[in-house]
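Here is a walk through one protein model, from a buried charge outward to the loops. Keep the structure in view while reading.

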Amino acid sequence: MTPTTDTSTFTWQNGWLCGAQHLPSPNFGPRPAGETISLAVLHSISLPPGEYGTGCVQQLFTNQLDWDAHPYFQGIRGLEVSAHFFITRQGVVWQFVSCDDRAWHAGASQWCGRDNCNDFSIGIELEGLEGRQFDPPQYQALEQLCQALAAHYPLTHIAGHEHIAPGRKQDPGPGFDWTRLQQPLQHLPVQWPLSVQPAKA
């Protein structure tokens with residue numbers, strides 16, 4: 001995906017974003033009938049934790065992870081999860097589930113008085129670790145991805161996993177620069193969590 005501000009260049013096919021690396025996951029289901037996609041949820045993940053470029057995230061989301069390959073994997077053995085998108089440290093965007101479908105990324109969650117955020121959200125995983133910083137190519141890819149989503153879906157909110165599952169989840173964490181994402185997206189009609197509201201000019 002080449003960085004652009006021209007939303008007419010974003011093309012979709014049945015919920016799949018053209019230009020992303022497609023690797024379908026079996027871990028998804030239908031959204032409730034008539035559901036509106038209104039929320040993008042930002043996560044962070046790396047497998048093993050703090051190790052990047054291993055390919056293990058892709059394996060986890062497609063149920064191909066070798067549980068015996070690392071001691072950490074024993075604690076997540078048998079886990080069946082997915083996200084719609086995964087952005088590597090280099091800014092490469094992978095897609096695992098059609099945005100028209102329900103990915104398994106949020107777990108027990110609530111946003112704006114509604115439970116089960118998986119029903120109405122799109123999950124975006126950033127390759128990283130809670131508390132650590134993210135790389136410039138990731139912000140660039142995430143900015144473009146948010147623009148593409150907002151151009152195609154009635155997106156009204158962007159939040160972190162930590163905001164929809166407080167006390168249970170802490171990602172993407174304090175190392176994520178919300179201002180760096182918000183500034184180039186000021187033109188989008190989306191709301192942000194109160195704790196990361198952009199400063200008014």
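**A buried glutamate and its surroundings**

Setting aside residues within four places in sequence, glutamate 143 is in contact with Leu181, Pro184 and Leu185. The model is a predicted one. Glutamate 143 sits in helix H2, which covers residues 136–152. Is its charge paired or unpaired? Glutamate 143 is buried but has no salt bridge. The nearest side chain of opposite charge belongs to arginine 180, 8.0 Å away. That is outside the cut-off, because a salt bridge needs a side-chain nitrogen of Lys or Arg within 4 Å of a carboxyl oxygen of Asp or Glu.

Now follow the helix itself. H2 has 17 residues. From first C-alpha to last, H2 reaches 25 Å, close to the 24 Å expected at 1.5 Å a residue. Glutamate 143 has buried company in H2, including Tyr139, Leu142, Gln144, Leu145, Cys146 and Leu149. Gln138 and Gln147 are also on the buried list of H2.

**The nonpolar cores**

In soluble globular proteins, nonpolar side chains tend to be buried together. Here the largest nonpolar core holds 33 residues. Which of them touch the most other members? They are Trp12, Phe85, Ile124, Leu142, Leu149, Ile158 and Phe176. Five elements give two or more residues to this core: strand E5 (39–45), strand E6 (85–87), strand E11 (121–127), H2 and helix H4 (178–182). H2 gives the most, with seven residues.

Tryptophan 12 shows how the contacts run. Not counting residues up to four places away in sequence, tryptophan 12 touches Leu17, Cys18, Phe85, Cys99, Ala148, Leu149, His152 and Tyr153. Another core lies apart from the largest one. This other core has 16 residues, among them Ile45, Cys56, Leu60 and Ile76.

**Aromatic pairs**

Next, the rings. A pair of aromatic rings is described by the distance of the centres and the angle of the planes. The structure holds seven aromatic pairs. In one of them, tryptophan 178 meets tryptophan 192 edge-to-face, at 6.2 Å centre to centre and 80° between the planes. Tryptophan 178 is in helix H4, and tryptophan 192 is in the segment after H4. The two are 14 residues apart, and the pair links distant parts of the chain. Tryptophan 178 has a relative accessible area of 9%, so it counts as buried. Tryptophan 192, at 8% relative accessibility, is buried too. Ring pairs also tie Phe134, Tyr139, Phe176, Trp178 and Trp192 into a cluster.

**Salt bridges**

Where do charges meet? The whole structure has four salt bridges. One joins the side chains of glutamate 35 and arginine 114, 2.9 Å from N to O. Glutamate 35 lies in the loop between strand E4 (28–29) and E5, while arginine 114 lies in strand E10 (residues 114–115). They are 79 residues apart. Glutamate 35 is partly exposed at 23% relative accessible area. Arginine 114 is partly exposed at 36%.

Another salt bridge pairs arginine 77 with aspartate 68, at 2.6 Å from N to O. Arginine 77 is partly exposed at 43% relative accessibility, and aspartate 68 is exposed at 59%.

Arginine 89 and aspartate 135 also form a salt bridge, at 3.2 Å from N to O. Arginine 89 lies in the loop between E6 and strand E7 (93–95) and aspartate 135 in the loop between E11 and H2, so the bridge ties together parts 46 residues apart in sequence. Arginine 89 is buried, with a relative accessible area of 9%. Aspartate 135 is partly exposed at 28%.

**Backbone exceptions**

Finish with the backbone. Most residues other than glycine have a negative phi, and most peptide bonds are trans. Which peptide bond is cis, with omega near -15°? It is the bond from leucine 47 to proline 48. Proline 48 lies in the loop between E5 and helix H1 (56–61). The bond from aspartate 171 to proline 172 is also cis, with omega near 5°. Proline 172 is in the loop between helix H3 (161–164) and H4.

Asparagine 63 has a positive phi of about 60°, although it is not a glycine. This residue lies in the loop between H1 and E6. Asparagine 63 is partly exposed at 33% relative accessibility. Asparagine 116 has a positive phi as well, near 55°. Its place is the loop between E10 and E11. Asparagine 116 is partly exposed, at 42%.

Conventions: Residues are numbered from 1 along each chain as its sequence is written. This is a predicted model: local features need pLDDT of at least 70, side-chain atom pairs count only at pLDDT 80 or more; totals for chains, interfaces and linings use all residues. Side-chain values use heavy atoms; hydrogens and water are left out. Helices (H or I, at least four residues) and strands (E, at least two) are DSSP runs, numbered from the N terminus. Buried means under 20% relative accessible area, exposed over 50%, partly exposed in between (1.4 Å probe, protein chains only). Lys and Arg count as positive and Asp and Glu as negative; His and the chain ends are not counted. Contact means heavy atoms within 4.5 Å. The expected span of a helix is 1.5 Å times one less than its number of residues. A nonpolar core is a set of buried Ala, Val, Leu, Ile, Met, Phe, Trp, Tyr and Cys residues joined through side-chain atoms within 4.5 Å. Rings of Phe, Tyr and Trp (its six-membered ring) pair if their centres lie within 6.5 Å; planes under 30 degrees apart count as stacked, over 60 as edge-to-face and the rest as tilted.
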